[in-house]
Amino acid sequence: MQLKPRFSHMQRVIVLDNLAQEGLDLLAAAEGVEYEVRIGLKGDELREALSQFDGAICRSGVKITPESLVGNSRLKAIVRAGVGTDNIDKPASTRAGVVVMNTPAGNTLSTAEHAIALMLAMSRNVAPANQGLVEGRWDRKKYMGTQVAGKTLGVVGLGRIGLAVATRAKALEMNILGYDPFMSQERAADLGIELVATVDEMLPDIDYLTVHTPLTDETRNLIDLPQLERIKPGARLVNAARGGIYNEQALIEGLKSGKLAGVALDVYVDEPCTDSPLFGMEGVVCTPHLGASTEEAQTQVAVEAVGLLTDFLLNGQIKNAVNVAALDAKTLASLRGYLDVAYRLGRLAVGLLPSGIASCRLTARGEISGKDTKLLTSAFSCGLLDGVFEEEVNLINAQMLLEDRGIKLTTESQSGMGAFRSSLTAEFESSQGVMHKVVGTVFGESMPRLVALDGYRLEAYLDGCLLIFTHQDVPGIIGGVGNICGEHGVNIAQMAVGRAGDHPGGEAVGILNLDAAPSAEALEAVRQLPAISSAQVIHLPEADELPSWLQG
């Protein structure tokens, strides 16, 4: 995105954390820019400092809260020299008109190399063998290792780092199984990766497992005791992504039982971590979050961060933004309701096809077709990819990230209104040929509604916990489902039903908005009702919960 330069005075930059000298040298050489390094700021001291500068560069050592930006009318951009921006309050930044950017590619190779190093060190007992020599022992027979060539590596998350790990593992003559619901079969095949539909599907076949995803509700405890029941005996697990993706207690149990031959960790639930039952266990190698700790990575993120900030301050160019402060207020106001609908339809699509989407088409119909439909497409893409990446997906980067995953997205505009003055239709298909079609609209100014699902006409709220079930259109179905919810203590907030035609007796669909997710037992009880064909639970944002790029 390119904006006209907005600044005429000398641009002042504050560096809030230690930054590689190469980055500081670039700041010093930038014409029209002056900088200061102030480390360890917090509270009122941080707020006062930020109000004196046009741009800021930070790492993870400083926390920028809403209070840090109170009364600030000067700061225009914050760049995180690294991937994660959890230490920067993005909604508050957006409201303050501050663009937040990050450097998602800078740590890729270093983190990928460290994951491979952990895998090899674990396989060849490097750490205990070295310690034996330090303590005066020659334990050559004790530390028999295993080679990785010919073994199968499971890679969960095929983003930048996951693909870099897979490429290096292929060079080590390993076979690669991959899981990523946003990687197409064709793209995976081109990369020499055998794609699987679920993580559980790969577990019986893998000798090694490595994860490269953000920590979300979906990935927390991705490997737990139930997964260890399925995993191939003697498997070895690597985590250089985020603590909490593996349940650490489950890892301990797996090692004690012999189900796991080894565990290699660089990240932990609570950091810094200096005391864990895993430390010192046989078959375990641990490091203190060193994935990005190379001179090259530190230099690269510093150089990239400085380039991003100076390009914005001097030329108005935005790249790698994790919020959208540059979207003009008039356009945002006119599209806000439908941007929300598009985003929620994307989230709904992921819920309906959890095994992955290969292609999709978005159609804007009616009055909305005459507006900036590219933004609607981006918002839909944001919903599809929400929670998939370390960096936050937003209107700027969503479509590019979809293309990187090999997902085909086409768009269409139709001026005819149909049943509503404006509506959005999303059609999507999995690589296995499973298809769905959903239609959304806005009631009033800001009430997103689902008005059709796979040909069934209805009116359902697009928020919260949805129980979606298909069934025969016969008496007693709604009462049966309601009784089960009551028996399991789940309150029904809203209900919508729809049939494909105008006559009873055929197929129908029901959607319940629930105040809480039903238990596995409750969901299974619904599925066991005689006329029920299918039932699933999908979680959407709450009614007033908006992504950071839509707030403000």
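Buried means under 20% relative accessible area, and that cut-off is a handy one to keep in mind for the views below, which all come from a predicted model.

**View 1. Glycine 159, a buried loop residue.** Glycine 159 has a relative accessibility of 15%, so it counts as buried. Look for this glycine in the loop between strand 6 (152–156) and helix 6. Leaving out residues up to four places away in sequence, glycine 159 touches Asp180 and Arg405. For a sense of scale, serine 431 is 272 residues away from glycine 159 in sequence, while their C-alpha atoms are 19 Å apart in space.

**View 2. Helix 4 crossing helix 6.** Here we move on to a helix pair. Helix 4 covers residues 108–123 and helix 6 covers residues 160–171; their axes come within 9 Å and cross at roughly 50°. That angle makes helix 4 oblique to helix 6. The crossing of the two helices is right-handed. On the helix 4 side, the residues in contact are Thr108, Leu109, Thr111, Ala112, Glu113, Ala115 and Ile116, and they meet Arg160, Ile161, Ala164, Val165, Arg168 and Ala169 of helix 6. Sorted by class, the residues of this contact are eight nonpolar, two polar and three charged.

**View 3. Helix 1 beside helix 11.** The axes of helix 1 (residues 21–29) and helix 11 (residues 295–315) come within 7 Å, with a crossing angle of roughly 25°. These two helices are therefore roughly parallel to each other. Helix 1 passes helix 11 in a right-handed crossing. Glu22, Gly23, Leu26 and Leu27 are the helix 1 residues of the contact, and they meet Thr299, Ala302, Val303, Val306 and Thr310 in helix 11. The contact of helix 1 with helix 11 has five nonpolar, three polar and one charged residues.

**View 4. The largest nonpolar core and phenylalanine 428.** In soluble globular proteins, nonpolar side chains tend to be buried together. The largest nonpolar core in this model has 52 residues, and Leu345, Leu348, Leu384, Phe428, Val438, Leu450 and Ile468 have the most contacts inside it. Helix 12 (residues 329–352) gives the most to this core, with ten residues. If you centre on phenylalanine 428 and leave aside its neighbours within four places in sequence, you will find it in contact with Ala349, Leu352, Leu353, Ile357, Ser359, Cys360, Val434, Met435, His436 and Val438. A second, separate core has 30 residues, including Val156, Met202, Ala235 and Val284.

**View 5. Valine 481 in helix 15.** Helix 15 runs over residues 477–487 and holds valine 481. The relative accessible area of valine 481 is 0%, so this residue is buried. Not counting residues up to four places away in sequence, valine 481 touches Leu467, Phe469, Leu512, Val526, Leu529 and Ile532. Arginine 421 lies 60 residues from valine 481 in sequence, and the two are 34 Å apart in space, C-alpha to C-alpha.

**View 6. Proline 204, a partly exposed loop residue.** Proline 204 sits in the loop between helix 8 (199–202) and strand 9. With a relative accessible area of 34%, this proline is partly exposed. Proline 204 touches Arg230 and Lys232, again not counting residues up to four places away in sequence. Glutamate 296 is 92 residues from proline 204 along the chain, and 37 Å separates their C-alpha atoms.

**View 7. Backbone details in three loops.** Most residues other than glycine have a negative phi, and most peptide bonds are trans. Against that background, here are some spots to visit. Glutamate 271 and proline 272 are joined by a cis peptide bond, with omega about 0°. Proline 272 lies in the loop between strand 11 (260–265) and strand 12 (284–286). Asparagine 221 is not a glycine, yet its phi is positive, near 55°. The loop that holds asparagine 221 lies between strand 9 (208–211) and helix 9 (225–230). At 32% relative accessibility, asparagine 221 counts as partly exposed. Asparagine 320 also has a positive phi, of about 60°, although it is not a glycine. You can find asparagine 320 in the loop between helix 11 and helix 12.

Technical notes:
Residues numbered from 1 in each chain as written. Predicted model: local features only at pLDDT ≥ 70, side-chain atom pairs only at ≥ 80, totals over all residues. Heavy atoms only, no water. Axes fitted to C-alpha atoms, helices over the stretch in contact; angles between N-to-C directions. Helix = DSSP H or I, 4+ residues; strand = E, 2+ residues; numbered from the N terminus. Parallel < 35°, antiparallel > 145°, perpendicular 65-115°, else oblique. Left-handed = near helix turned anticlockwise from the far one by under 90°. Contact = heavy atoms within 4.5 Å. Nonpolar A, V, L, I, M, F, W, Y, C, P; charged D, E, K, R; others polar. Core = buried A, V, L, I, M, F, W, Y, C linked by side-chain atoms within 4.5 Å. Buried < 20%, exposed > 50% of the residue type's maximum accessible area, 1.4 Å probe, protein only.
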